[in-house]
Amino acid sequence: MGAVVLPCYNRWMDGVARPTRYQHMSTEAEVLLAAGESAGIEYKREAKAVKSATLAALANWVALDPSREVAHLLVGVEEVTDRVTGLTSGVVYGLSNGLDQSVAQILDASSTICPIPVELFVVEEAVNEEHPFLRVEVRPATAPHHDGQGRRQTRQGRSTRAMTDDELLRVYLDREAGSFATRFRHTTTELREAVGAVGSQVDQIAEAIERNIGGPLEELTATAHRAVSAAEDAESAAMSAGSAANMVEDGVTKVERMVRDLSEVVDELQDDSLDALVSRVFHLRRRVWWVFSLDTSKRSSAAAERLTMWMHQQLSGDISPEAARNSWELQVWDQLLAQRKQQKGARGTLKWWTAAAAEIKGYLKSPAFQGPELPDLRAELNGDINEAFGNPESLTREFYDSLQR
(Lines give C-alpha, C1' and ligand atoms only; values in the text may rest on other atoms or scores of the structure.)
Protein backbone atom coordinates (compact mmCIF):
# COMPACT_ATOMS: atom_id res chain seq x y z
CA MET A 1 0.00 0.00 0.00
CA GLY A 2 1.42 3.40 -0.98
CA ALA A 3 2.38 5.91 1.66
CA VAL A 4 -0.26 8.50 2.47
CA VAL A 5 1.08 11.81 3.69
CA LEU A 6 -0.61 13.54 6.58
CA PRO A 7 -0.88 17.33 6.30
CA CYS A 8 2.32 17.95 8.23
CA TYR A 9 5.14 19.69 6.39
CA ASN A 10 8.36 21.48 7.16
CA ARG A 11 10.85 23.42 5.05
CA TRP A 12 14.40 22.17 4.77
CA MET A 13 17.49 24.24 3.89
CA ASP A 14 16.54 24.50 0.20
CA GLY A 15 13.23 26.15 1.12
CA VAL A 16 11.15 23.29 -0.33
CA ALA A 17 8.26 22.04 1.81
CA ARG A 18 8.75 18.37 2.72
CA PRO A 19 6.51 15.99 4.69
CA THR A 20 7.56 15.27 8.27
CA ARG A 21 4.96 12.57 8.96
CA TYR A 22 3.66 9.54 7.07
CA GLN A 23 0.64 7.41 7.96
CA HIS A 24 2.39 4.41 6.42
CA MET A 25 6.01 3.76 5.63
CA SER A 26 7.52 6.09 3.03
CA THR A 27 9.46 4.90 0.00
CA GLU A 28 12.63 6.49 1.40
CA ALA A 29 12.32 4.47 4.60
CA GLU A 30 11.74 1.23 2.69
CA VAL A 31 14.93 1.79 0.70
CA LEU A 32 16.99 2.53 3.83
CA LEU A 33 15.66 -0.55 5.62
CA ALA A 34 16.49 -2.79 2.68
CA ALA A 35 20.01 -1.37 2.36
CA GLY A 36 21.20 -2.40 5.82
CA GLU A 37 23.65 -0.43 7.95
CA SER A 38 26.60 1.28 6.29
CA ALA A 39 28.79 4.33 6.83
CA GLY A 40 25.91 6.65 5.96
CA ILE A 41 23.04 4.58 7.42
CA GLU A 42 22.69 3.64 11.08
CA TYR A 43 19.90 1.91 13.04
CA LYS A 44 19.04 2.34 16.71
CA ARG A 45 16.47 0.25 18.59
CA GLU A 46 15.58 3.03 21.06
CA ALA A 47 15.97 6.80 21.05
CA LYS A 48 17.90 6.67 24.33
CA ALA A 49 20.66 4.86 22.42
CA VAL A 50 21.16 7.93 20.20
CA LYS A 51 24.04 9.83 21.79
CA SER A 52 25.71 13.06 20.77
CA ALA A 53 28.65 11.00 19.52
CA THR A 54 26.30 9.09 17.20
CA LEU A 55 25.00 12.24 15.53
CA ALA A 56 28.41 13.94 15.41
CA ALA A 57 30.00 10.91 13.72
CA LEU A 58 27.32 10.82 11.02
CA ALA A 59 27.64 14.57 10.39
CA ASN A 60 31.45 14.36 10.22
CA TRP A 61 31.19 11.50 7.73
CA VAL A 62 29.16 13.78 5.44
CA ALA A 63 31.62 16.66 5.89
CA LEU A 64 34.60 14.56 4.82
CA ASP A 65 33.46 14.22 1.21
CA PRO A 66 31.91 17.06 -0.86
CA SER A 67 29.90 14.50 -2.84
CA ARG A 68 28.01 13.41 0.28
CA GLU A 69 24.84 15.28 1.13
CA VAL A 70 23.26 13.49 4.07
CA ALA A 71 23.55 10.59 6.51
CA HIS A 72 20.53 8.63 7.72
CA LEU A 73 19.57 7.43 11.19
CA LEU A 74 16.57 5.12 11.68
CA VAL A 75 15.33 4.96 15.28
CA GLY A 76 13.04 2.14 16.40
CA VAL A 77 14.82 -0.18 13.98
CA GLU A 78 17.28 -3.01 14.51
CA GLU A 79 19.57 -4.75 12.04
CA VAL A 80 19.06 -8.47 11.34
CA THR A 81 21.03 -10.89 9.18
CA ASP A 82 19.40 -13.43 6.91
CA ARG A 83 20.83 -16.84 7.88
CA VAL A 84 20.57 -18.16 4.34
CA THR A 85 21.87 -15.25 2.27
CA GLY A 86 23.95 -13.51 4.91
CA LEU A 87 22.44 -10.18 3.85
CA THR A 88 21.54 -7.62 6.49
CA SER A 89 18.53 -5.34 6.61
CA GLY A 90 16.55 -3.26 9.09
CA VAL A 91 13.52 -4.55 10.94
CA VAL A 92 11.06 -2.14 12.51
CA TYR A 93 10.29 -2.72 16.20
CA GLY A 94 8.77 0.66 16.98
CA LEU A 95 9.46 3.01 19.88
CA SER A 96 8.35 2.03 23.37
CA ASN A 97 8.49 5.63 24.61
CA GLY A 98 6.38 7.00 21.78
CA LEU A 99 7.31 9.35 18.95
CA ASP A 100 7.17 12.69 20.79
CA GLN A 101 9.39 11.62 23.65
CA SER A 102 11.81 9.93 21.24
CA VAL A 103 12.12 13.08 19.14
CA ALA A 104 12.79 15.10 22.29
CA GLN A 105 15.55 12.68 23.33
CA ILE A 106 17.25 12.95 19.93
CA LEU A 107 17.09 16.75 19.92
CA ASP A 108 18.45 16.79 23.46
CA ALA A 109 21.40 14.65 22.37
CA SER A 110 22.06 17.02 19.46
CA SER A 111 22.04 20.06 21.74
CA THR A 112 25.23 18.90 23.49
CA ILE A 113 27.24 18.65 20.27
CA CYS A 114 30.06 21.18 19.81
CA PRO A 115 30.84 23.69 18.39
CA ILE A 116 27.12 23.84 17.46
CA PRO A 117 24.42 21.15 17.05
CA VAL A 118 24.26 19.26 13.76
CA GLU A 119 21.43 19.86 11.28
CA LEU A 120 18.59 17.37 11.80
CA PHE A 121 15.46 16.75 9.74
CA VAL A 122 13.18 14.35 11.63
CA VAL A 123 10.44 12.37 9.85
CA GLU A 124 7.83 10.31 11.70
CA GLU A 125 7.20 7.06 9.82
CA ALA A 126 4.21 4.65 9.90
CA VAL A 127 2.38 6.69 12.53
CA ASN A 128 -0.91 4.89 11.77
CA GLU A 129 0.58 1.41 12.07
CA GLU A 130 1.46 -0.83 15.00
CA HIS A 131 5.16 0.07 15.07
CA PRO A 132 5.88 3.72 14.22
CA PHE A 133 9.51 4.79 14.02
CA LEU A 134 11.70 7.80 13.17
CA ARG A 135 13.80 8.57 10.10
CA VAL A 136 16.39 11.27 10.80
CA GLU A 137 18.47 13.03 8.14
CA VAL A 138 21.79 14.25 9.54
CA ARG A 139 23.91 17.01 8.02
CA PRO A 140 26.93 18.92 9.37
CA ALA A 141 26.59 22.51 10.55
CA THR A 142 30.10 23.62 11.55
CA ALA A 143 32.32 20.56 11.17
CA PRO A 144 34.21 18.84 12.66
CA HIS A 145 31.63 18.17 15.35
CA HIS A 146 32.51 16.57 18.67
CA ASP A 147 30.55 15.26 21.63
CA GLY A 148 30.64 16.56 25.18
CA GLN A 149 33.85 14.66 25.83
CA GLY A 150 35.67 16.26 22.92
CA ARG A 151 35.70 13.16 20.72
CA ARG A 152 35.76 13.90 17.00
CA GLN A 153 34.58 10.72 15.31
CA THR A 154 33.34 9.57 11.94
CA ARG A 155 31.82 6.48 10.40
CA GLN A 156 33.72 3.62 8.78
CA GLY A 157 31.45 0.91 7.46
CA ARG A 158 29.01 0.07 10.24
CA SER A 159 31.40 1.21 12.95
CA THR A 160 32.48 4.50 14.46
CA ARG A 161 36.13 5.53 14.73
CA ALA A 162 38.19 8.58 15.64
CA MET A 163 38.96 11.01 12.83
CA THR A 164 42.56 11.00 11.67
CA ASP A 165 44.76 14.11 11.84
CA ASP A 166 44.63 14.39 8.06
CA GLU A 167 40.82 14.26 8.07
CA LEU A 168 40.60 16.87 10.80
CA LEU A 169 42.95 19.20 8.94
CA ARG A 170 40.97 18.83 5.74
CA VAL A 171 37.70 19.66 7.45
CA TYR A 172 39.18 22.62 9.32
CA LEU A 173 40.60 24.02 6.09
CA ASP A 174 37.32 23.62 4.26
CA ARG A 175 35.51 25.32 7.12
CA GLU A 176 37.84 28.28 7.59
CA ALA A 177 39.34 29.08 4.22
CA GLY A 178 36.97 27.34 1.82
CA SER A 179 34.00 29.48 2.78
CA PHE A 180 35.80 32.60 1.57
CA ALA A 181 36.69 30.98 -1.74
CA THR A 182 33.01 30.16 -2.22
CA ARG A 183 32.02 33.74 -1.37
CA PHE A 184 34.56 35.04 -3.88
CA ARG A 185 33.30 32.85 -6.71
CA HIS A 186 29.71 33.84 -5.97
CA THR A 187 30.62 37.52 -5.81
CA THR A 188 32.57 37.54 -9.09
CA THR A 189 29.68 35.74 -10.81
CA GLU A 190 27.27 38.44 -9.65
CA LEU A 191 29.68 41.14 -10.75
CA ARG A 192 30.08 39.61 -14.22
CA GLU A 193 26.30 39.52 -14.58
CA ALA A 194 25.98 43.10 -13.37
CA VAL A 195 28.53 44.60 -15.71
CA GLY A 196 27.10 42.52 -18.53
CA ALA A 197 24.01 44.71 -18.49
CA VAL A 198 26.02 47.93 -18.71
CA GLY A 199 28.33 47.70 -21.66
CA SER A 200 30.79 45.77 -23.79
CA GLN A 201 33.78 45.77 -21.43
CA VAL A 202 32.71 42.67 -19.50
CA ASP A 203 35.77 40.60 -20.38
CA GLN A 204 38.24 43.34 -19.44
CA ILE A 205 36.54 43.97 -16.09
CA ALA A 206 36.30 40.27 -15.32
CA GLU A 207 39.97 39.76 -16.19
CA ALA A 208 40.95 42.63 -13.91
CA ILE A 209 38.96 41.12 -11.07
CA GLU A 210 40.57 37.73 -11.62
CA ARG A 211 44.06 39.27 -11.82
CA ASN A 212 43.78 41.58 -8.81
CA ILE A 213 41.70 39.41 -6.49
CA GLY A 214 41.30 35.93 -7.93
CA GLY A 215 45.04 35.34 -8.38
CA PRO A 216 46.02 36.38 -4.85
CA LEU A 217 43.13 34.34 -3.47
CA GLU A 218 44.37 31.21 -5.24
CA GLU A 219 47.86 31.83 -3.89
CA LEU A 220 46.59 32.41 -0.35
CA THR A 221 44.50 29.24 -0.48
CA ALA A 222 47.54 27.25 -1.62
CA THR A 223 49.58 28.82 1.20
CA ALA A 224 46.86 27.83 3.64
CA HIS A 225 47.02 24.23 2.41
CA ARG A 226 50.78 24.17 2.94
CA ALA A 227 50.48 25.75 6.38
CA VAL A 228 47.79 23.31 7.44
CA SER A 229 49.78 20.34 6.18
CA ALA A 230 52.77 21.49 8.21
CA ALA A 231 50.73 22.07 11.35
CA GLU A 232 51.46 19.85 14.31
CA ASP A 233 47.87 19.31 15.36
CA ALA A 234 44.28 20.15 14.49
CA GLU A 235 44.19 23.28 16.65
CA SER A 236 47.22 24.87 15.00
CA ALA A 237 45.81 23.84 11.61
CA ALA A 238 42.62 25.72 12.33
CA MET A 239 44.65 28.80 13.29
CA SER A 240 46.65 28.61 10.04
CA ALA A 241 43.53 28.21 7.94
CA GLY A 242 41.78 31.01 9.82
CA SER A 243 44.74 33.33 9.30
CA ALA A 244 44.65 32.75 5.55
CA ALA A 245 40.90 33.26 5.55
CA ASN A 246 41.25 36.61 7.29
CA MET A 247 43.75 37.74 4.68
CA VAL A 248 41.30 37.20 1.83
CA GLU A 249 38.22 38.46 3.67
CA ASP A 250 39.03 42.13 3.07
CA GLY A 251 39.36 41.55 -0.67
CA VAL A 252 36.12 39.62 -0.87
CA THR A 253 34.27 42.24 1.16
CA LYS A 254 35.45 44.99 -1.18
CA VAL A 255 34.25 43.05 -4.21
CA GLU A 256 30.89 42.46 -2.56
CA ARG A 257 30.54 46.18 -1.88
CA MET A 258 31.42 46.92 -5.50
CA VAL A 259 28.80 44.42 -6.66
CA ARG A 260 26.11 46.08 -4.55
CA ASP A 261 26.99 49.56 -5.82
CA LEU A 262 27.18 48.44 -9.43
CA SER A 263 24.00 46.42 -9.17
CA GLU A 264 22.12 49.53 -8.06
CA VAL A 265 23.32 51.35 -11.17
CA VAL A 266 22.42 48.37 -13.34
CA ASP A 267 18.94 48.18 -11.82
CA GLU A 268 18.31 51.82 -12.62
CA LEU A 269 19.49 51.33 -16.21
CA GLN A 270 17.47 48.15 -16.63
CA ASP A 271 14.32 49.80 -15.29
CA ASP A 272 14.45 52.28 -18.16
CA SER A 273 15.47 49.78 -20.86
CA LEU A 274 12.97 48.77 -23.54
CA ASP A 275 12.93 45.13 -22.40
CA ALA A 276 12.17 46.16 -18.82
CA LEU A 277 9.38 48.53 -19.90
CA VAL A 278 7.79 45.89 -22.12
CA SER A 279 7.92 43.37 -19.28
CA ARG A 280 6.33 45.82 -16.85
CA VAL A 281 3.54 46.67 -19.33
CA PHE A 282 2.94 42.94 -19.87
CA HIS A 283 2.55 42.19 -16.18
CA LEU A 284 0.57 45.34 -15.42
CA ARG A 285 -1.93 44.49 -18.15
CA ARG A 286 -2.42 41.06 -16.60
CA ARG A 287 -2.97 42.72 -13.22
CA VAL A 288 -5.62 45.06 -14.66
CA TRP A 289 -7.40 42.15 -16.38
CA TRP A 290 -7.45 40.25 -13.07
CA VAL A 291 -9.06 43.04 -11.05
CA PHE A 292 -11.48 43.87 -13.88
CA SER A 293 -12.60 40.24 -14.00
CA LEU A 294 -13.04 40.14 -10.22
CA ASP A 295 -15.15 43.30 -10.20
CA THR A 296 -17.43 42.46 -13.15
CA SER A 297 -17.68 38.65 -13.02
CA LYS A 298 -21.27 38.72 -11.73
CA ARG A 299 -22.52 41.18 -14.36
CA SER A 300 -23.94 39.58 -17.51
CA SER A 301 -25.69 42.48 -19.25
CA ALA A 302 -25.02 43.49 -22.84
CA ALA A 303 -23.13 46.56 -21.58
CA ALA A 304 -20.90 44.33 -19.43
CA GLU A 305 -20.15 42.06 -22.39
CA ARG A 306 -19.25 45.05 -24.62
CA LEU A 307 -16.98 46.47 -21.95
CA THR A 308 -15.33 43.07 -21.44
CA MET A 309 -14.61 42.73 -25.16
CA TRP A 310 -13.07 46.20 -25.28
CA MET A 311 -10.92 45.65 -22.18
CA HIS A 312 -9.74 42.29 -23.53
CA GLN A 313 -8.82 43.87 -26.85
CA GLN A 314 -6.84 46.65 -25.15
CA LEU A 315 -5.04 44.42 -22.69
CA SER A 316 -4.19 41.54 -25.03
CA GLY A 317 -3.04 43.67 -27.97
CA ASP A 318 0.57 43.99 -29.10
CA ILE A 319 2.89 45.99 -26.88
CA SER A 320 4.55 48.95 -28.56
CA PRO A 321 8.30 48.77 -29.29
CA GLU A 322 8.60 52.46 -28.39
CA ALA A 323 9.95 53.09 -24.89
CA ALA A 324 8.14 56.43 -24.52
CA ARG A 325 4.81 54.83 -25.48
CA ASN A 326 5.30 52.08 -22.89
CA SER A 327 6.18 54.59 -20.18
CA TRP A 328 2.97 56.41 -20.97
CA GLU A 329 0.87 53.23 -20.86
CA LEU A 330 2.35 52.27 -17.49
CA GLN A 331 1.18 55.60 -16.10
CA VAL A 332 -2.32 55.07 -17.48
CA TRP A 333 -2.80 51.61 -15.93
CA ASP A 334 -1.11 52.60 -12.66
CA GLN A 335 -3.48 55.54 -12.33
CA LEU A 336 -6.44 53.29 -13.07
CA LEU A 337 -5.47 50.83 -10.33
CA ALA A 338 -4.86 53.67 -7.87
CA GLN A 339 -8.31 55.16 -8.56
CA ARG A 340 -9.93 51.74 -8.17
CA LYS A 341 -8.49 51.43 -4.67
CA GLN A 342 -10.27 54.66 -3.76
CA GLN A 343 -13.69 53.20 -4.66
CA LYS A 344 -16.00 51.72 -2.04
CA GLY A 345 -14.56 48.42 -0.86
CA ALA A 346 -11.52 49.06 -3.08
CA ARG A 347 -13.47 47.61 -6.03
CA GLY A 348 -14.92 49.19 -9.13
CA THR A 349 -18.57 48.96 -10.13
CA LEU A 350 -19.59 48.34 -13.75
CA LYS A 351 -20.53 52.02 -13.99
CA TRP A 352 -17.11 53.08 -12.73
CA TRP A 353 -15.28 50.70 -15.09
CA THR A 354 -17.33 51.99 -18.04
CA ALA A 355 -16.43 55.60 -17.22
CA ALA A 356 -12.78 54.69 -16.65
CA ALA A 357 -12.65 52.84 -19.98
CA ALA A 358 -14.01 55.86 -21.82
CA GLU A 359 -11.31 58.02 -20.26
CA ILE A 360 -8.58 55.48 -20.98
CA LYS A 361 -9.70 55.23 -24.61
CA GLY A 362 -8.79 58.87 -25.11
CA TYR A 363 -5.48 58.53 -23.28
CA LEU A 364 -4.33 55.51 -25.29
CA LYS A 365 -5.46 56.96 -28.61
CA SER A 366 -3.47 60.16 -28.27
CA PRO A 367 -0.84 59.70 -25.58
CA ALA A 368 0.62 62.90 -24.22
CA PHE A 369 2.64 63.57 -21.11
CA GLN A 370 1.45 66.27 -18.78
CA GLY A 371 3.37 69.51 -19.20
CA PRO A 372 4.87 71.48 -16.32
CA GLU A 373 2.80 73.82 -14.22
CA LEU A 374 3.97 77.40 -14.94
CA PRO A 375 2.85 79.95 -12.38
CA ASP A 376 2.66 83.66 -13.21
CA LEU A 377 5.99 84.93 -11.89
CA ARG A 378 6.16 88.18 -13.81
CA ALA A 379 4.15 90.21 -11.29
CA GLU A 380 6.38 89.24 -8.36
CA LEU A 381 9.59 89.66 -10.35
CA ASN A 382 8.41 93.03 -11.65
CA GLY A 383 8.08 94.23 -8.04
CA ASP A 384 10.63 93.67 -5.33
CA ILE A 385 12.84 90.79 -6.53
CA ASN A 386 14.65 90.51 -3.20
CA GLU A 387 11.36 90.22 -1.36
CA ALA A 388 10.15 87.59 -3.84
CA PHE A 389 13.26 85.49 -3.26
CA GLY A 390 13.31 86.11 0.47
CA ASN A 391 9.75 84.90 1.09
CA PRO A 392 9.81 81.07 1.20
CA GLU A 393 6.07 80.97 0.43
CA SER A 394 6.22 83.16 -2.67
CA LEU A 395 5.61 81.68 -6.10
CA THR A 396 9.03 82.87 -7.20
CA ARG A 397 10.88 81.16 -4.36
CA GLU A 398 8.90 77.90 -4.69
CA PHE A 399 9.50 77.79 -8.44
CA TYR A 400 13.18 78.62 -8.09
CA ASP A 401 13.65 75.96 -5.40
CA SER A 402 11.99 73.37 -7.64
CA LEU A 403 14.61 74.06 -10.31
CA GLN A 404 17.38 73.11 -7.88
CA ARG A 405 15.99 69.63 -7.18
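The paragraphs below go through salt bridges and a nonpolar surface patch in a predicted model.

Side chains of opposite charge can pair when their charged atoms come close. The structure holds 16 salt bridges. Three of the pairs are taken up here, beginning with those that involve Glu-42.

Lys-44 is a convenient starting point. This lysine belongs to strand S3, which covers residues 41-44. Its relative accessibility is 19%, and because buried means under 20%, Lys-44 counts as buried. Leaving aside residues up to four places away in sequence, Lys-44 touches Ala-49, Val-50 and Thr-54, and also Leu-73, Leu-74, Val-75, Gly-76 and Val-77. Lys-44 also forms a salt bridge with Glu-42, where the closest N and O atoms are 3.3 Å apart. Glu-42 is buried, as is Lys-44.

Glu-42 has a further partner. Its side chain meets that of Arg-155 in a salt bridge, with an N to O distance of 3.0 Å. Arg-155 lies in strand S9 (residues 153-156) and Glu-42 in strand S3, so this pair ties together parts that are 113 residues apart in sequence. Here too both residues, Arg-155 and Glu-42, are buried.

The next pair is Arg-135 with Glu-125, whose side chains meet in a salt bridge at 2.8 Å, N to O. Arg-135 is part of strand S8 (residues 133-139) and Glu-125 is part of strand S7 (residues 119-125), so the parts tied together by this pair are 10 residues apart in sequence. Arg-135 and Glu-125 are both buried. The two residues also belong to a network of salt bridges, in which Arg-18, Glu-125, Arg-135, Glu-137 and Arg-139 are linked.

The surface offers another kind of feature. Leu-381, Ile-385, Phe-389, Tyr-400 and Leu-403 form a nonpolar patch there, and together they have about 440 Å² of accessible area. Two elements give two or more residues each to this patch: helix H12 (385-390) and helix H13 (395-403). Phe-389, one of the patch residues, lies in helix H12. How far is Phe-389 exposed? Its relative accessibility is 34%. Exposed means over 50% and buried means under 20%, so a residue in between is partly exposed, and Phe-389 counts as such.

To review, the salt bridges of Glu-42 with Lys-44 and with Arg-155 join buried residues, and so does the salt bridge between Arg-135 and Glu-125. The patch that includes Phe-389 is on the surface.

Definitions and conventions. Residues are numbered from 1 along each chain as its sequence is written. This is a predicted model: local features need pLDDT of at least 70, side-chain atom pairs count only at pLDDT 80 or more; totals for chains, interfaces and linings use all residues. Side-chain values use heavy atoms; hydrogens and water are left out. Patches are made of residues with over 30% relative accessible area and no salt bridge: like charges are joined within 9 Å, nonpolar side chains (Val, Leu, Ile, Met, Phe, Trp, Tyr) within 5 Å. Accessible areas come from the Shrake-Rupley method with a 1.4 Å probe; for residues, only the protein chains shown count as cover. A salt bridge is a side-chain nitrogen of Lys or Arg within 4 Å of a carboxyl oxygen of Asp or Glu. Helices (H or I, at least four residues) and strands (E, at least two) are DSSP runs, numbered from the N terminus. Buried means under 20% relative accessible area, exposed over 50%, partly exposed in between (1.4 Å probe, protein chains only). Contact means heavy atoms within 4.5 Å.
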